[in-house]
Amino acid sequence: MEDQKLPCVLIDCIGEKHGVYEDHAEVLKEHFCLITMKEYNENKTILGKKIRAIYMWYHKPVINEELLQSLPNLKIVASSGVGIDHLDLNLLSRYGVKVSNTPFIVSTDTADLGMALMLASSRRLVEGYQMAVSPDTEYFPANWLGAEVSGATLGIVGMGTIGYKVAERAKAFEMKILYHNRKQRNKEEENAVGAIYCKKIDDLLQQSDFVMLAVNLTPQTHKLIGKRELQLMKPTATLINISRGLVVDQDDLVEALQNKVIKAAALDVTYPEPLPRDHPLLKMENVLITPHIGSATKKTRLLTMENMTESIQAALTNRPIPYEVLL
């Protein structure tokens, strides 16, 4: 808090498990006076009036009404990533606080990871690696087979920025692409990737060899995929989730995998994160789980920080917020 002329921005912490990266913090300090939650809690009376923005990294700090009541001059909450399900937008609106996120920055990396999960799961890369390096392996069995991706049918649930980038990549694999979305894309966009619109999600589920979830978590998508939807899928199909864990009913997914209702699952997201160490999904050979790393590349995280900085600066100078989330 060296330069009090800079606008004060509340962060959770620097470094540690979920804190702002130390190199990012050095850049942020050129524009803002950073106040950690620890500093704020030790001096709420004085610092509460000075804080004008919250820089939310890894969904931290947690924002509730008690915090908002203590920040009378708060203008904006800048949240990293696409999802805003961790924020109560109505509550923030009542306090006159703007919200921004970084939807376009993370889309490319997340789409890349979606393809990586599909390829790794279908070709059984983790199992293959374990076989190749195991001290007990004496030969590679000729009947150890995966599933082909090229020419298969991919069903994308959620054709926003991320879903569309997945389709662009899938086109290069000569996949048949189906998609389900609240609104149909225009014909030019569909033709560019060869995507076919399914008004009903059931039609997509029944036809797809791979079903990839790329929707935002909303009340409408909460547990969108449950027992009924899983039973509609092919027994040879794989479910891939790069959206949010709660888009899938995990108990129903476990049951479907155990009973071979579907063949496999590849998940970058679960609930909670991480899963309890005794969770059945962690013990299944037909399940691939990564630690929510859809946007976890150095370049993307740097661009995320820069976008959040831009949104905060715009809000504090009464300019249009470039990445504002509107109710």
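The second largest pocket in this predicted model holds about 670 Å³ of space. Thirty residues would be a long list to read out, so I will keep to the middle of it: of the 30 residues in the lining, Ser121, Arg124, Glu127, Glu285 and Asn286 lie nearest the centre of this pocket. Four elements each give two or more residues to the lining, namely α6 (107-122), α7 (125-133), β11 (264-267) and β12 (287-289). The largest share comes from α7, with four residues. By type, the lining of the second largest pocket has 16 nonpolar, seven polar and seven charged residues.

Two of those elements, β11 and β12, take us to the sheet. The sheet is open and has seven strands, in the order β8-β7-β6-β9-β10-β11-β12, with parallel pairing. At the edges are β8 (195-197) and β12, each of which pairs on one side only. On average, neighbouring strands in this sheet are turned by 15° against each other, direction ignored. If you want to look at one pair, take β11 and β12, which are parallel and share three bridges. Ala265, for instance, has Val287 of β12 as its bridge partner.

Now the helices that lie on this sheet. Besides lining the pocket, α6 lies across five strands: β6 (153-157), β9 (210-213), β10 (238-241), β11 and β12. Its direction is about 150° to β9. Helix α8, residues 161-172, lies across β6, β7 (176-180) and β9, and runs at about 170° to β6.

What does UniProt list for residues 115-294? The entry, which is unreviewed, gives "domain: D-isomer specific 2-hydroxyacid dehydrogenase NAD-binding" for that range. In the model, residues 115-294 are 32% helix and 16% strand. The C-alpha atoms at the two ends of the range are 11 Å apart.

Next, enclosed space. How many cavities of 30 Å³ or more does a search of the whole structure find? The search finds one. The space in this largest cavity is about 40 Å³. Its lining is made up of Asn241, Gly245, Val248, Gln250, Leu253, Leu267, Val269 and Thr270. Four of the lining residues are nonpolar, four are polar and none is charged.

Last, some backbone details. Most residues other than glycine have a negative phi, and most peptide bonds are trans. Here are some exceptions to look up on the screen. Lys60 and Pro61 are joined by a cis peptide bond, with omega about 0°. Pro61 sits in the loop between β3 (51-56) and α4 (65-69). Tyr58 is in the loop between β3 and α4 as well. The phi of Tyr58 is near 55°, which is positive although the residue is not glycine.

There is also a cis peptide bond between Tyr271 and Pro272, where omega is about -5°. Which loop holds Pro272? Pro272 is in the loop between β11 and β12, and that brings us back to two of the elements that line the second largest pocket.

Definitions and conventions: Residues are numbered from 1 along each chain as its sequence is written. This is a predicted model: local features need pLDDT of at least 70, side-chain atom pairs count only at pLDDT 80 or more; totals for chains, interfaces and linings use all residues. Side-chain values use heavy atoms; hydrogens and water are left out. On a 1 Å grid over the protein atoms alone, a cavity is a set of points where a 1.4 Å probe fits but cannot get out, and a pocket is an open set with protein on both sides within 12 Å along at least five of seven lines; lining residues have an atom within 4 Å of a point. Grid points are joined across faces, edges and corners, and a volume is the space filled by probe spheres set on the points. Ala, Val, Leu, Ile, Met, Phe, Trp, Tyr, Cys and Pro count as nonpolar, Asp, Glu, Lys and Arg as charged, and the others, Gly among them, as polar. UniProt positions are given in the numbering used here, feature names are shortened, and annotations may be inferred rather than shown by experiment. Two strands pair if DSSP finds at least two bridges between them. Axes are lines fitted to C-alpha atoms, for helices over the stretch in contact, and angles run from 0 to 180 degrees between N-to-C directions. Contact means heavy atoms within 4.5 Å.
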